[in-house]
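The following explanation leads through a single structure, from its internal spaces to its helices and aromatic contacts. It is best read with the coordinates open alongside.

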Amino acid sequence: MVSPMTVDLPSSPLGEVDPQFEKLALDVVAFTFGLPGTSIREKLLQNLTLDVCRSHTGLAFRMHLTAAKMHGVAYADPLAAIRFIAPHSGYPAAADALARLKEVATEIGMDTSDLGEKPTPGAVDNVMRRLDTTDEWTTRFQEWQTSRAWSEDLLSRRERAIMALTSDVGQQTLDESFHWHVELALDAGLSKDDVRDVVRFCAEYGTARVAAALRELDNVLST
């Protein structure tokens, strides 16, 4: 049984357009943010991941960034998050999100001078897995992308695993990428129920996508 909860998130921009939709949105948020497997910060990073992967940089992106600020997320965190997401969303989508991030952050009063420390490249062998391709150039490119993305240590390993898994649900890459990210999430300390909640949270962005991902998750967890 899903347990709705109350969480402090901005909704007034929706109310200014359609009060009924604002009420609907708040009801949806009560369910998704009521999932116990992840923290509010982790859920906000999931919102950002899905916004970037689905190229949602309008009102929803602004509201999600405002919510992140309300819950103590510094400007450097979404910067790192978008850099991490880039290999999954595609770099053009990430670039568009970065431009919008700076614009919205300035408008809502985030300290945009806080860029965080430059990521320190480290050993990432334990998160590397080659795509199922015989093309040498694509393999090298994927290995470089993975190494660079997983060096974003401003985000915890758990957060990065959650975001990677979320990108698979949003983009329906439910084959080897999804299987690999489920393993990484479990290795990062999430329980099987936590992983299920990561997938469930994405229902706000389309229940059919989540249903497909949950079916595949059952297959992964049963092996």
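A search of the whole structure, which is a predicted model, finds 2 cavities of 30 Å³ or more. The largest cavity holds about 110 Å³ of space. Its lining is made up of Arg 41, Leu 44, Leu 45, Leu 48, Phe 61, His 64, Leu 65, Ala 68, Val 73 and Pro 78. By residue class, this lining divides into 8 nonpolar, 1 polar and 1 charged. Helices H3 and H4 each supply at least two of the lining residues of the largest cavity.

Alongside this enclosed space, the model also contains pockets. The largest pocket has a volume of about 470 Å³. It is lined by 22 residues, of which Leu 14, Ala 25, Val 29, His 64 and Glu 204 are the closest to its centre. His 64 is thus named for the pocket and also appears in the lining of the largest cavity. Three helices, H2, H3 and H4, each supply at least two residues of the pocket lining, and the largest share, 6 residues, comes from H2. In composition, the lining of the largest pocket divides into 16 nonpolar, 4 polar and 2 charged residues.

Helix H3 contributes to the lining of the largest cavity as well as to that of the largest pocket, and it merits a closer view. This helix runs over residues 40–53 and has 14 residues. From its first C-alpha to its last it reaches 20 Å, close to the 20 Å expected at 1.5 Å a residue. How much of H3 is covered? The helix is mostly covered, with 12 of its 14 residues buried. The buried set comprises Glu 42, Lys 43, Leu 44, Leu 45, Gln 46, Asn 47, Leu 48, Thr 49, Leu 50, Asp 51, Val 52 and Cys 53. Leu 44, Leu 45 and Leu 48 are among these buried residues, and they also line the largest cavity. The cover over the buried residues of H3 includes helix H2 (19–32), helix H4 (59–70), H5, helix H6 (91–108), H8 and helix H10 (192–201). Just after H3, Ser 55 takes a positive phi of about 60 degrees.

One of the helices that cover H3 is H10. Because 7 of its 10 residues are buried, H10 is largely enclosed by the rest of the structure. Those buried residues are Asp 194, Val 195, Arg 196, Asp 197, Val 198, Val 199 and Phe 201. They pack against H2, H3, H8, helix H9 (176–187) and helix H11 (207–221).

The aromatic contacts bring in another part of the chain. In total there are 4 aromatic pairs. Phe 84 and Trp 150 form an edge-to-face pair, with 5.4 Å centre to centre and 85 degrees between the planes. Phe 84 lies in helix H5 (residues 76–89), whereas Trp 150 lies in the loop between helix H7 (136–149) and helix H8 (157–171), so the pair ties together parts that are 66 residues apart in sequence. Phe 84 is buried, with a relative accessible area of 0%, and Trp 150 is likewise buried, at 7%.

A second pair, between Trp 137 and Phe 141, is stacked, with 5.2 Å centre to centre and 10 degrees between the planes. Here the partners are 4 residues apart in helix H7, which means that about one helical turn separates them. What is the accessibility of Trp 137? At 54% relative accessibility, Trp 137 counts as exposed, while Phe 141, at 32%, counts as partly exposed. Together with Trp 144, Trp 137 and Phe 141 form one aromatic cluster.

Two further residues of helix H7 complete the picture. Arg 148 is found in this helix and is partly exposed, with a relative accessible area of 33%. The C-alpha atoms of Arg 148 and Phe 84 are separated by 8.1 Å, although the residues are 64 apart along the chain. Thr 138 also has its place in helix H7 and is partly exposed, at 28% relative accessible area. From Thr 138 to Glu 204, the distance in space is 33 Å, C-alpha to C-alpha, for a separation of 66 residues in sequence. Glu 204 itself is one of the residues closest to the centre of the largest pocket.

Methods: Residues are numbered from 1 along each chain as its sequence is written. This is a predicted model: local features need pLDDT of at least 70, side-chain atom pairs count only at pLDDT 80 or more; totals for chains, interfaces and linings use all residues. Side-chain values use heavy atoms; hydrogens and water are left out. Rings of Phe, Tyr and Trp (its six-membered ring) pair if their centres lie within 6.5 Å; planes under 30 degrees apart count as stacked, over 60 as edge-to-face and the rest as tilted. Buried means under 20% relative accessible area, exposed over 50%, partly exposed in between (1.4 Å probe, protein chains only). The expected span of a helix is 1.5 Å times one less than its number of residues. Contact means heavy atoms within 4.5 Å. On a 1 Å grid over the protein atoms alone, a cavity is a set of points where a 1.4 Å probe fits but cannot get out, and a pocket is an open set with protein on both sides within 12 Å along at least five of seven lines; lining residues have an atom within 4 Å of a point. Grid points are joined across faces, edges and corners, and a volume is the space filled by probe spheres set on the points. Ala, Val, Leu, Ile, Met, Phe, Trp, Tyr, Cys and Pro count as nonpolar, Asp, Glu, Lys and Arg as charged, and the others, Gly among them, as polar.
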